[in-house]
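Hi,

Here is the structure I promised to pass on. Have a look at it first, and my notes on what turned up follow below.

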Amino acid sequence: MKTYLVTGGAGFIGSNFVLYMLKEHDDIRIVNVDALTYAGNLENLSELEGNERHIFVQADIRDRAAMEALFAQYNPDYVVNFAAESHVDRSITDPGAFASTNVMGTVTLLDSARAAWAQDDGSGGFGEHRFLQVSTDEVYGTLEIGPSNADGSPADPATADFFRETTPLSPHSPYSASKASADFFVLAYGDTYGLPINVTRCSNNYGPFQFPEKLIPLMINNALAHKALPVYGDGLNVRDWLFVEDHCKAIDAVISRGRVGEVYNVGGHNERNNVFIVKKIVEEVSRAVGDEAIDERLITYVTDRAGHDRRYGIAPDKIRDELGWEPETRFEDGIVRTIEWYLAHSEWMEHVTSGAYQDYYERMYSGR
Ligand code: NAD
Ligand code: TYD
């Protein structure tokens, strides 16, 4: 039985990963370490109640003593580090929190893994372990929008520019700067100490359990309440959207078959501009609940995000060629599944949007 130490497993992608892995593999257990910040939610894991292969520990990845104790107690084979401050807008108002968790938290985890996994046979090796850092395409910076289709996708994918693993990192937001910095530390621990690491850099995810500060769940929630749909700037910024389960499958593939020390880009050639996404949500939510008052007149253009990256576009050729990974869920299907999930989990949404969320929304959007 292999043991995975998953950090941030009560957040959006982490909880999807924990649920996916325990369903997919009978012979693993997961120690799920999460500080339960505003973004962490044990409700995401409620179906695992009583499951002995899931051990939840509330702890902060910056807490060195707590991390060392976890390695000593559970002797994990693999670490998958999701824990992070993850929202660009919050990073603009509080960059220090991003440096602290995303950089120092990652360094603390790396140190704990290095100390726990070092073999005592004098070889300097670390055995069959793996430290996987879950990173983002945002570390590469931004791309130009070339000739594009109406939805924002490149008119000619054969000639468009994409982020590749060899693209130099050029982050712009405090969030992406902190993630790039963490990537460099992970790579440095591989190069300097021989720690068996991987970095995955994935494009924008969507799906169940995503906190409604991010574009897709925020728009679904606002549309259902007939609230304004705040689109930043001209709405033509492009993101490459991937259904979260496809991301989970990519991470699983890298841990089991990825080459040690390598970076893998994860994305689906599924680029869309924001206004296309919001119009699609309006159409699908309106249809799903049979409410014609949910229409495009709710769309409200608001002041742009500072330093707003124009386009993210991933070339996932390496993970496809080496590991046979390809995205399986088309956006048209994934977005309907996601909306259906939010409709079926209105209580989840009510719980996460009560209290502190109202203050956040007020601070971020009033008078924008
Ligand atoms: P999220 O904000 O939903 O979840 C983050 C989780 O980390 C929360 O459960 C939170 O409680 C926990 N956490 C925060 N600080 C912590 C700390 N100091 N110690 C322990 N736990 C802590 O984020 P997400 O969208 O699920 O993203 C997960 C990871 O994937 C992040 O590293 C992010 O950079 C990366 N990523 C996200 C996307 C995306 O589209 N959401 C895309 C690519 C990569
Ligand atoms: P977001 O979900 O915050 O992800 P990221 O910035 O990490 O890509 O935002 C996705 C895109 O949607 C981004 O271009 C900003 C835009 N956006 C809006 O236009 N309005 C909003 O209310 C939010 C949250 C995002």
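**Arg130 and the two ligand sites**

Arg130 sits in strand E5, residues 130-136 (helices, H or I of at least four residues, and strands, E of at least two, are DSSP runs numbered from the N terminus). Before going further: this is a predicted model, where local features need pLDDT of at least 70 and side-chain atom pairs count only at pLDDT 80 or more, while totals for chains, interfaces and linings use all residues. Residues are numbered from 1 along each chain as its sequence is written, chains are lettered from A and ligands numbered from 1 in the order in which they are written, and side-chain values use heavy atoms, with hydrogens and water left out.

Back to Arg130: what does a buried arginine do for a partner here? Arg130 has no salt bridge, and the nearest side chain of opposite charge, Glu128, is 6.3 Å away. Buried means under 20% relative accessible area, with exposed over 50% and partly exposed in between (1.4 Å probe, protein chains only). A salt bridge needs a side-chain nitrogen of Lys or Arg within 4 Å of a carboxyl oxygen of Asp or Glu; for charge, Lys and Arg count as positive and Asp and Glu as negative, with His and the chain ends not counted. What Arg130 does have is the backbone oxygen of Gly258, 3.0 Å from a polar atom of its side chain (a polar contact is a pair of N or O atoms within 3.5 Å; within protein, one must be able to donate a hydrogen and the other to accept it, and residues adjacent in sequence count only if both atoms are side-chain atoms).

E5 also gives the shell around ligand 1 its largest share, three residues. Ligand 1 has 30 residues around it, with Ile13, Asp34, Ser86, Tyr175 and Lys179 nearest (a heavy atom within 4 Å counts as near). Oxygen atoms of ligand 1 lie 2.6 Å from a polar side-chain atom of Tyr175 and 2.8 Å from a backbone N or O atom of Asn205. On its own ligand 1 exposes 840 Å², and the protein buries 97% of that (Shrake-Rupley areas, 1.4 Å probe; for residues, only the protein chains shown count as cover).

Ligand 2 is surrounded by 19 residues, the closest being Glu138, Arg239, Arg305, His308 and Tyr365. Polar side-chain atoms of Glu138 and His308 come to 2.6 Å and 2.7 Å from an oxygen atom of ligand 2. The protein covers 97% of the 510 Å² that ligand 2 has accessible on its own.

Cheers
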